[in-house]
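Open your viewer and keep the sequence panel beside it. This tour goes stop by stop, with something to select at each one.

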Amino acid sequence: MANTPKLFFITTPIYYVNDKPHIGHAYTTIAADVLARLYRQSGKDVFFLTGTDEHGAKIAAAARKAGQAPQDFVDELAPTYQKAWEDLDVAYDGFIRTTNHEHEQIVKELVQKLNAAGYLEKRTYEGLYCEGCERFLKRDELVDGKCPDHHSVPTPSSEENYFFLLSKFADRLREKIEKNELIIEPRARRNEILGKIKQGLEDVSVSRAGAGWGIPFPGDDQQTIYVWVDALLNYYTATRIFDTEDWEKHPADIHLMAKDILWFHAVIWPAMLMALELPLTQKIFAHGFFTIDGKKMSKSVGNVIDPTKMVEKYGADAVRYALLREFPFGEDGDFSEKILQQRYERDLADGLGNLMQRVLVMINKYQVKVQYHPIEIELTLQKEVEKLNFELALRVIWEGVHRGNTIIAQRKPWELAQKDTKECAKVLCSLYDLLIAINKQIEPFMPQTAKKMRDQLTTLKPEPLFPRL
Ligand code: MSP
């Protein structure tokens, strides 16, 4: 049977545009880009979707604070995300904005469909709303009466809302997850979700009262569609807006996000899809959350890292490398500019940059004949990246870098050149081959460096890959 390339459809969350992008948003987006590039490298068609979440109370409040109309406010902020991804060499295929007219139309259409299918019900609801989370919190989630994530007191609200009958989907959802028809990773997070589903699911409010900053609820101008419903549907609306394969035939292969929003993706979104009789996303992966110098990133602490500033100082590839190298993708970790700087100096400048420079200089000096020859990336390494084991993959690649530098120190080609020119050539040829392999391996992670390496391996003219800071 012919091996026709199949589409690989990967997504990041769509980020709230209440502020500029930070390094936390960059983390997920870079991870998605590495995966997308890996699949493209192995000949697959990729649809890599990212974008911005532009409705809701949180954005409206930020616009108010800035003294701007919400639409003007989001129109100014959305491009800062596109710019950041460009700076970081993120090659997305689709960038969706939820204020896009087509998106709004399709969302209305789908909400109507949910209603027609009997999955929506109007009820009076009393609850505590956290604007930061854009959701109602339960009393037992509060710490000292405050939202544990946003450290703010949630607003008591009593209003008439439309409810999505999530409770009806508990059994079917549990079955899908248990049968691995819906894959949730890492395993521990899957089990957590399963545990919660087994305790039963409560229906969720899918509208807010009043004509707030959001999509008007179809058939009821006193209500606005809940921002999370609007946002989750982007994964579907994008397939129509960007005219890629139909979701019906090809739902998303993987949604990437951090653990903070796993519940929405692993429970509410699949239940919505079931209610709409649409196929489910294949896999949902919730990575960890990182702190900066041990503290949660926040404006008030003043530790928010701007990815663009880091790119200006260290280059896109160093930021990409350091973020994915520092701790395993599924786990929580810590990050800081200091970590980035050390990774730059040790792993990149002293490690890879030095190896490349020394090998090319000696190949020239001892007039060793080498010929560039393309190679395939090792299957085992490719599998690790596909499993999102970025840290492991980079560690393995850098073992190669260290091996190369150790061979130079031990075999001393400059001494061999004096007594055994054949052996000297042999050692340098094997180092050259090692560099070709490393070049291929780093391609999805560090596209600019890979290109520079590739050029230098053919021209044999060494230029520093990572200049001293
Ligand atoms: N708009 C919603 C998502 C809707 S998706 C249908 C949202 N936006 S957000 O701007 O708050 O982005 C949250 C996401 O940003 C996390 O799930 C994660 O992907 C990324 N991160 C933000 N801060 C992060 C860290 N400190 N560490 C790791 N990831 C981080 O939620």
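In which loop does Asp89 lie? Select Asp89: the loop is the one between helix 3 (70-87) and strand 3 (94-97). Keep in mind that this is a predicted model.

**Stop 1: two unusual phi angles**

Stay on Asp89. Its phi is positive, about 60°, although Asp89 is not a glycine. Most residues other than glycine have a negative phi. Is Asp89 buried, partly exposed or exposed? Asp89 counts as partly exposed because its relative accessible area is 21%, and buried means under 20%.

Now select Asp243. Look for Asp243 in the loop between helix 8 (234-241) and strand 12. Asp243 is not a glycine either, and its phi is positive, near 50°. Asp243 has a relative accessible area of 68%, so it is exposed. The cut-off for exposed is over 50%.

**Stop 2: a cis peptide bond**

Select Glu185 and Pro186. What kind of peptide bond joins them? The bond is cis, with omega at about -5°. Most peptide bonds are trans. Pro186 sits in the loop between strand 7 and helix 6 (187-198).

**Stop 3: strand 13 and its neighbours**

Select residues 283-287, which make up strand 13. How many of its 5 residues are buried? The count is 5 of 5, so the strand is mostly covered, buried being under 20% relative accessible area. Show the side chains. Lys283, Phe285 and His287 point one way. Ile284 and Ala286 point the other way. In a regular strand the side chains alternate between the two faces of the sheet.

Add strand 7, residues 183-185. Strand 7 and strand 13 pair in the parallel sense, over 3 bridges. Pick out Ile183 and Lys283: these two are bridge partners.

Next, add strand 12, residues 254-258. Strand 12 also runs parallel to strand 13, and 5 bridges join the two. Find Leu256, which stands opposite Phe285 of strand 13. Then trace the chain from strand 12 through helix 9 (residues 262-275) to strand 13. This β-α-β crossover is right-handed.

**Stop 4: an open sheet**

Keep helix 9 on screen. Which strands does helix 9 lie across? Helix 9 lies across strand 5, strand 6 (155-164) and strand 8, and runs at about 35° to strand 6.

Now show the sheet itself. Its 4 strands come in the order 5-4-6-8, with antiparallel pairing, and the sheet is open. At the edges are strand 5 (135-137) and strand 8 (204-205), each pairing on one side only. Select strand 4, residues 120-130. Strand 4 is joined to strand 5 by 3 bridges, and the two run antiparallel. One pair to pick out is Cys130 and its bridge partner in strand 5, Arg135.

**Stop 5: two domains**

Zoom out and colour by domain. The chain is divided into domain 1 (7-287) and domain 2 (337-459). Their centres, taken over C-alpha atoms, are 42 Å apart. How many residues of domain 1 are in contact with domain 2? The number is 12, and they meet 12 residues of domain 2.

The size of an interface is often given as the accessible area lost when the parts come together. Here about 1,200 Å² is buried between the domains, and carbon and sulfur atoms give 68% of it. For a last selection, choose Val34, Leu38 and Gln41. In domain 1, these three lose the most area to domain 2, together 46% of what that side buries.

How values were computed. Residues are numbered from 1 along each chain as its sequence is written. This is a predicted model: local features need pLDDT of at least 70, side-chain atom pairs count only at pLDDT 80 or more; totals for chains, interfaces and linings use all residues. Side-chain values use heavy atoms; hydrogens and water are left out. Buried means under 20% relative accessible area, exposed over 50%, partly exposed in between (1.4 Å probe, protein chains only). Two strands pair if DSSP finds at least two bridges between them. A crossover is right-handed if, with the strands pointing away from the viewer, the path from the first strand over the helix to the second runs clockwise. Contact means heavy atoms within 4.5 Å. Axes are lines fitted to C-alpha atoms, for helices over the stretch in contact, and angles run from 0 to 180 degrees between N-to-C directions. Domain bounds come from an automatic or database domain assignment. Buried area is the accessible area (1.4 Å probe) that two parts lose on being put together, summed over both.
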